Amino acid sequence: MSRASNFPPPFSPRDYVAEPTDPADERIEVGVLIVGAGPAGLACAIRLGQLLEEHPDVAERLGDVPVAVLEKGKQPGSHLLSGAVVNPRALHRLFGDRLRIEDLPSFGPVPGESVYVLTRRAALPIPPPPPMRNHGNWIFSLSQLGRFLGERAEEGGAMILPETSAQKLLVSHGRVLGVRTGDKGRGREGGELGNFEAGSDLVAKVTVLAEGTQGHLTGVALDRFGLRGEDPQVWELGVKEVWKVAKPLDRIIHTMGWPLRPGRKYREFGGSFIYPMGKDMVTIGLVVGLDYRDASLSVHDLLQELKTHPKIRKILAGGERVEWGAKTIPSGGFHSLPRRLHAPGLLLCGDGAGMVNIPRLKGVHYAIESGRLAAEAAFRALQRGETPASALSSYDDAVRASFIWDDLYEVRNMRQVFGRGFFVGGALASAMTMSKGRVELGKMPAEPDADQPLLVTDRDKSYPAPDGALTFDKLSSVFASGNKTRDDQPNHIRLERRVPRDVAQLWAHMCPAQVYEVGPEEGDGTVKVDVAPSNCVQCGAITAKGGRLTPPEGGSGPEYTLT
Ligand SMILES: Cc1cc2nc3c(=O)[nH]c(=O)nc-3n(C[C@H](O)[C@H](O)[C@H](O)COP(=O)(O)OP(=O)(O)OC[C@H]3O[C@@H](n4cnc5c(N)ncnc54)[C@H](O)[C@@H]3O)c2cc1C
Ligand code: SF4
């Protein structure tokens, strides 16, 4: 039995930590540098704008660009994907009486909800378990919300730099100084093309990493500053589609059970969500824990299979798929949070730090709240008479005193219990929820996703054939993500290319974007893995399962508009 972790990628975090290289007068200086225009980074920029408006003296000292936000997507929202049923609590705190929730681009409050346990043909309704109750939450498209928050951040004075990936963490004398952005216009082998543009050093008084799931520099910083949590981080992979539908859906739906297998040996944990997006659209997605063992499992194909269920087919009948996307979700929970959320000159927030409540499938409000708290700590560090180190450490105190900490503590073992199988895990999870986390299950062991011993079944033989109407193959799905990555740029995926067949099969089935193919036998018991990096939608799953995603050239990847 192979384990993907026995074939580590050629990647060293040290290669992504550097001193500034641009001459001092050519470095771009900003006040606070935020990496990532997701809900965490944009909330941080918006709150900083509010604080600087109230304190023009501080704004003046910060020069021409008090706040900058780097985003690798074409624009804020292009790389955002979520459910997204959002607890509005953090949005209320961010905007106060400046904006009402009704003023945001949403599909309204959750109108009602159902939960079903599915078998191949039947759907058994059950009362929504406490974590799945969504009364009072609002339905959004995270991509649309990201664009809206980006505009609010710019109105507040932030400079957003889209199509710009943060590649290296600039560190000098143990202090984070900023980031180096990626080069543009390099060819497949790394040579400079006619349109070559070198990256730049961006230096800041405080750098906030809000990179979301599998954050590249967040991972580098966790290693550089020894911040990794007690438990390793683990992830889920979510694949989702947006459909135009003939009939409006009048409630949100969650399902458990089929097409996942309940047996403990498979470790298939997850479920689906089907949410209305106004009168004529729905989003449907399947989320599966990446600690699964079967090398033939493909979340994309399981989602296609899910849509063939009579209950779900009916919702989509007469409709048309308009968008597709995929992304991972950190699911280790409380024990996988970093030991500290700050280092000299640096703050970490949102999914990058693992702030997700997986039984509730909620992270947007933690991202927004942590971004807001990071802004307050960064602002404190900029004020005269403050010691930057203690100002930044106040961020940890603020997060520990916030609802983020309480909520994540309450469900602290929730993900791990499902390692015991669906039924035992479900019973333990219910006991924890009913007691609001007071049931003490002891600390449960957690293993990295790539450490799971693989098994190979013929599960892939029963995936439905793509018909182009209800079910789709991976390549047409990549097209539906809006991905227009340049084919001839350097490969951004670090991966061992000669591995046992089961590891290669794992990667090929797992990747929702058909980046990997199992190549020919190499004669020594291994096969070659062929890689088509331009298909990549940057979901991050490969990092969980034994490779390493690094950011490609800025502006590459999907162009989500509705996810
Ligand atoms: C399928 C799925 C369903 C979900 N459903 C829900 C739900 O219903 N409700 C809910 O509350 N939460 C849900 N979540 C979780 C939620 O989406 C996340 O918790 C939330 O998006 C985290 O926000 P963030 O700002 O930390 O990161 P992200 O939203 O991931 O944003 C990070 C941004 O940073 C950019 N970036 C990253 N690295 C770099 C770099 N090096 N350089 C430049 N830019 C960079 C990315 O392109 C991206 O735009 C779901 C997640 C998934 C995947
Ligand atoms: S290659 Fe890209 S799309 Fe495929 S699993 Fe890795 S990160 Fe996801």
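1. Helix α14 and its cover. The buried residues of α14 are covered by elements that include β15 (235-244), α13 (474-480), β23, β24, β25 and α15 (541-544). The model discussed here is a predicted one. Helix α14 covers residues 501-510, and 7 of its 10 residues are buried, so the helix is largely enclosed by the rest of the structure. The buried residues are Asp-502, Val-503, Ala-504, Leu-506, Trp-507, Ala-508 and Met-510.

2. The sheet beside that helix. Three of the covering elements named above, β23, β24 and β25, also belong together as a sheet. The 3 strands form an open sheet in the order β23-β25-β24, with antiparallel pairing. Its edge strands are β23 (498-499) and β24 (516-521), each of which pairs on one side only. Between β23 and strand β25 (residues 527-531) there are 2 bridges, in the antiparallel sense. Within this pairing, Val-499 stands opposite Val-527 of β25.

3. Strand β15. This strand is also part of the cover of α14. How much of β15 is itself buried? Of its 10 residues, 9 are buried, so β15 is largely enclosed by the rest of the structure. Two pairings of β15 can be described. With strand β19 (residues 320-330), β15 shares 10 bridges and runs antiparallel; Glu-241 has Trp-324 in β19 as its bridge partner. With strand β18 (residues 281-289), β15 pairs over 9 bridges, again in the antiparallel sense. There the bridge partner of Glu-236 is Gly-289 in β18.

4. Strand β10. Residues 166-172 make up strand β10, and 6 of these 7 residues are buried, so the strand is largely enclosed by the rest of the structure. In which sense does β10 run against β1, and in which against β11? Strand β1 (residues 17-18) is joined to β10 by 2 bridges, and the two run parallel. Val-17 stands opposite Leu-169 in β10. Strand β11 (residues 175-181) is joined to β10 by 6 bridges, and this pair runs antiparallel. Leu-170 has Gly-178 in β11 as its bridge partner.

5. The turn after β10. Strands β10 and β11 form a hairpin, with 2 residues between them. His-173 lies in the turn and has a positive phi of about 50°. A reader going through the backbone may want to look at this residue.

6. Leu-48. This residue is placed in helix α1 (residues 39-54). Its relative accessibility is 0%, and the cut-off for buried is under 20%, so Leu-48 counts as buried. Which residues does Leu-48 touch, leaving aside its neighbours within four places in sequence? They are Val-32, Ile-34, Val-67, Ala-375 and Phe-379. A further pair of positions shows how the chain returns to this region: Leu-48 and Ala-158 are 110 residues apart along the chain, while their C-alpha atoms are separated by 8.5 Å.

7. Gly-31. Strand β2 (residues 28-35) contains Gly-31. Gly-31 counts as buried because its relative accessibility is 0%. Leaving aside neighbours within four places in sequence, its contacts are Leu-62, Val-65, Pro-66, Ala-204, Lys-205 and Val-206. Between the C-alpha atoms of Gly-31 and Ala-377 the separation is 13 Å, and these two residues are 346 apart along the chain.

8. The chain as a whole. The chain holds 15 helices and 26 strands. Does its radius of gyration agree or disagree with that of a compact globule? For 563 residues a compact globule would have a value near 24 Å, and the chain has 23 Å, which agrees. Along its principal axes, the C-alpha trace spans about 65 × 60 × 50 Å.

9. Burial, contacts and surface. Of the 563 residues, 61% count as buried. Among contacts between residues at least 6 apart in sequence, 79% join residues at least 24 apart. The chain exposes about 21600 Å², of which carbon and sulfur atoms supply 52%.

10. Charges. The chain carries 67 positive and 68 negative charges, and the mean positions of the two sets are 6 Å apart.

Note on methods:
Residues numbered from 1 in each chain as written. Chains lettered and ligands numbered in written order. Predicted model: local features only at pLDDT ≥ 70, side-chain atom pairs only at ≥ 80, totals over all residues. Heavy atoms only, no water. Helix = DSSP H or I, 4+ residues; strand = E, 2+ residues; numbered from the N terminus. Rg over C-alpha atoms; globule rule 2.2 N^0.38 Å. Buried < 20%, exposed > 50% of the residue type's maximum accessible area, 1.4 Å probe, protein only. Contact = heavy atoms within 4.5 Å. Areas by Shrake-Rupley, 256 points an atom, 1.4 Å probe, with all protein chains shown as cover. Lys, Arg positive; Asp, Glu negative; His and termini not counted. Charge placed at Lys NZ, Arg CZ, Asp CG, Glu CD. Pairing = 2+ DSSP bridges.
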